[in-house]
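Colleague: I am new to this structure and would be grateful for a close look at a single part of the model. Please take the strands of the first chain and then set them in their surroundings.

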Amino acid sequence: MSDDVNLYATGNQTVGPYLHIGLNWLVTPKIAGPRVSGERVTIQGRLLDGDGKGVNDGMIEIWQANSHGKYAHPDDKQKKPLERSFRGFGRIPTDAKGHFRFSTIKPGRVPGPGGTLQAPHLVVSVFMRGLLKHLATRIYFPDDPGNIEDPVLSLVPTARRSTLIARRKAKGLLEWSIRLQGKGETVFFDY
Amino acid sequence: MSKLAGYRRPHPGTQPDYDFPPYAGTTKRHPTQPLVIPPQTLSELTGPLFGRNEVKPTDNDLTRQHRGAPIGERIIVTGRVLDEDGKAVPNTLVEIWQANAAGRYPHPTDQHNAPLDPNFSGAGRAFTDAKGRYRFVTIRPGEYPWRNHYNAWRPAHIHFSLFGSAFLTRMVTQMYFPGDPLLELDPMYKCVADENARKRLISSFDLETTIPEQALGYRFDIVLRGRDATPMEQ
C-alpha cells in the first residue's frame, strides 16, 4: 500500500437531497432494449427508512451481466458472447413515495471465487440523502436452483437471505424492496 | 479462470461511518445490522463504462447552458482523478451538481428564500482525459441554510459523482472551498474522522488555472480505490 496519505481514496459524502439535479440525465429504467436476448423481467419496490417511510430523495444503480453471464467490461475475459446494445447499467431514482421500477433481462451465471458459480444476480448501489456513503446490496431471483450454492448468499445468515431474493408478483414481475432498518432490514455488503 | 486483482479496503478513518448522529439525516437511514463482508467477485470488479459521445461539449461549462450568463463569480474547477497508486484514471465519467450563486437549487423541495437563476441549472458532466484530468467552468456556489441544527449553514460545495472502472470504485463526494469558516461547523465535512483525509475534500486556489480577466481557478484531485498487488482466484 502507498504510504502517501494523499493517495488514500477520497472520502465519500452524501448525495444530499438534490441528487436528481446532477444525476437524472442518465436515468435508465429500461436496462435491456428490445434486441437484447434473455428472459424479460420488471422489478419494482420501495426504498424505506427506519420508520418504514418511503425515501423520496434516493436512487439505485444496477450493474449486471447479460443473459450469457458476461459483463460488458474488458476485465471479463470469459469466452461468452457480448451483446453490443447491452451495457448492463441502470440508474433509477425513487419517486415521491420511495417507489422504483425498472425492466431488464435475467442475467446468466457468472463465476465466483474458487471455481464456484454464482446464481443469477444484479448488484445494486443505493444512494440517498442521509447516507454518507452509498450502500451495496444484491438482487437474486426467486426459485433459481443456483441460489442454494451461491457463494455470496451462503455467507449471509440464513434468516436474512430472503431480503436479497425478489418475490414473484406476476409473470415477468418481481418485487424487491430495500429496508434500511428494523424488521426485514436488507443485507448490505462491505467490500 | 483468469485472475483479477481485488480492491484494497479503505484506510481507517478516511471514510465516513453510516451512523453519524451530528448529521440528523443518518438516524433513520443507516443500517443497524452488521454489514456482510463477501469476496470481491467478477460482479464487483467490473462496472459500467461510458462513452464520450454521451456528453455534449457544453456539459462541462455550466455558464453556457442557457441563453444568458448566470449571475455569480465565474470559476474554473479542475483536477486529476487518480487511483491509490497515483496512476491516472483516464476516460472516466465525472458528474457534478451544485447550488446557484445565491445558494439555491432549482429543485421542488428546496424552499430556501433565495432567488433562482433562469440561466443556471447547476449540473455538469465531463470525461477525464488520458492523464486523468477533468475541467469544469461554473460559478461559485452560495452557502445555504439547512435545518440540521440551530442556525445551520452548509459551506459552499460542489457534489461530485465518479464511476472509475469497477462497481467498487463508484464514489460520490463533495468539494469545498479554501478558507470557508463554515467548514468546522459542518457535520457533513466533519463526518470524515481523519483530519488529513477531511482536508483533502477542500479544493485549493490555483493561479495556474486562473484565467486573467476571466475566472479564478480551483484544483480538486480525486483518488479512487486502488487494487491489491496480487490477483486473486476468480
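Modeller: The account below begins with the strands of chain A, passes to the contact with chain B, and ends with chain B itself. Please bear in mind throughout that this is a predicted model.

We may start with the open sheet of chain A. Four strands form this sheet, in the order β3-β2-β5-β6, and their pairing is antiparallel. At its edges stand β3 (89-93) and β6 (135-140) of chain A; each has a single partner strand, so one side of each is left without a neighbour in the sheet. If direction is ignored, neighbouring strands of this sheet are turned against each other by 25° on average.

Within the sheet, the pairing of β5(A) with β6(A) can be followed at the level of residues. These two strands are joined in the antiparallel sense over 6 bridges. Ser125(A) has Ala136(A) of β6(A) standing opposite.

A further set of pairings involves β1 of chain A, which covers residues 40-48. Antiparallel to β1(A) runs β4 of chain A, residues 99-105, and 7 bridges join the two. In this pairing, Val41(A) faces Thr104(A) of β4(A) as the residue opposite. β1(A) also pairs in the parallel sense with β8 of chain A, residues 173-175, over 3 bridges. There, Ile43(A) stands opposite Leu174(A) in β8(A). Another parallel pairing links β1(A) to β9 of chain A, residues 178-179, over 2 bridges. Opposite Leu48(A) stands Arg179(A), a residue of β9(A).

The next topic is how chain A meets chain B. The contact involves 61 residues of chain A and 70 residues of chain B. On the chain A side, the elements giving two or more residues are α1 (19-23) and β5 (121-128). The most is given by β5(A), with 4 residues. Strand β5(A) therefore has a place in two parts of this account: it belongs to the open sheet, where one side of β6(A) is left without a neighbour, and it contributes to the side of chain A that touches chain B. Sorted by class, that side of chain A has 32 nonpolar, 19 polar and 10 charged residues.

Chain B, the partner in this contact, has 3 helices and 13 strands. Its C-alpha trace spans about 55 × 40 × 30 Å along the principal axes. For 234 residues, a compact globule would have a radius of gyration near 17 Å, and the 19 Å of chain B agrees with this. Of these 234 residues, 45% count as buried. Among contacts in chain B between residues at least 6 apart in sequence, 71% join residues at least 24 apart.

One residue of chain B may serve as an example. Asp206(B) lies in the loop between β10 (204-205) and β11 (216-219) of chain B. Is Asp206(B) buried or partly exposed? Asp206(B) counts as partly exposed, because 16 C-beta neighbours lie inside 10 Å, whereas a buried residue would need 20 or more. Leaving aside residues up to four places away in sequence, Asp206(B) touches Gly217(B), Tyr218(B) and Arg219(B). Thr78(B) is 128 residues from Asp206(B) along the chain, yet the C-alpha atoms of the two are separated by 9.4 Å.

Conventions. Residues numbered from 1 in each chain as written. Chains lettered and ligands numbered in written order. Predicted model: local features only at pLDDT ≥ 70, side-chain atom pairs only at ≥ 80, totals over all residues. Contact = placed C-beta atoms within 7 Å. Nonpolar A, V, L, I, M, F, W, Y, C, P; charged D, E, K, R; others polar. Pairing = 2+ DSSP bridges. Axes fitted to C-alpha atoms, helices over the stretch in contact; angles between N-to-C directions. Rg over C-alpha atoms; globule rule 2.2 N^0.38 Å. Buried ≥ 20, exposed ≤ 12 C-beta atoms within 10 Å, placed from the backbone.
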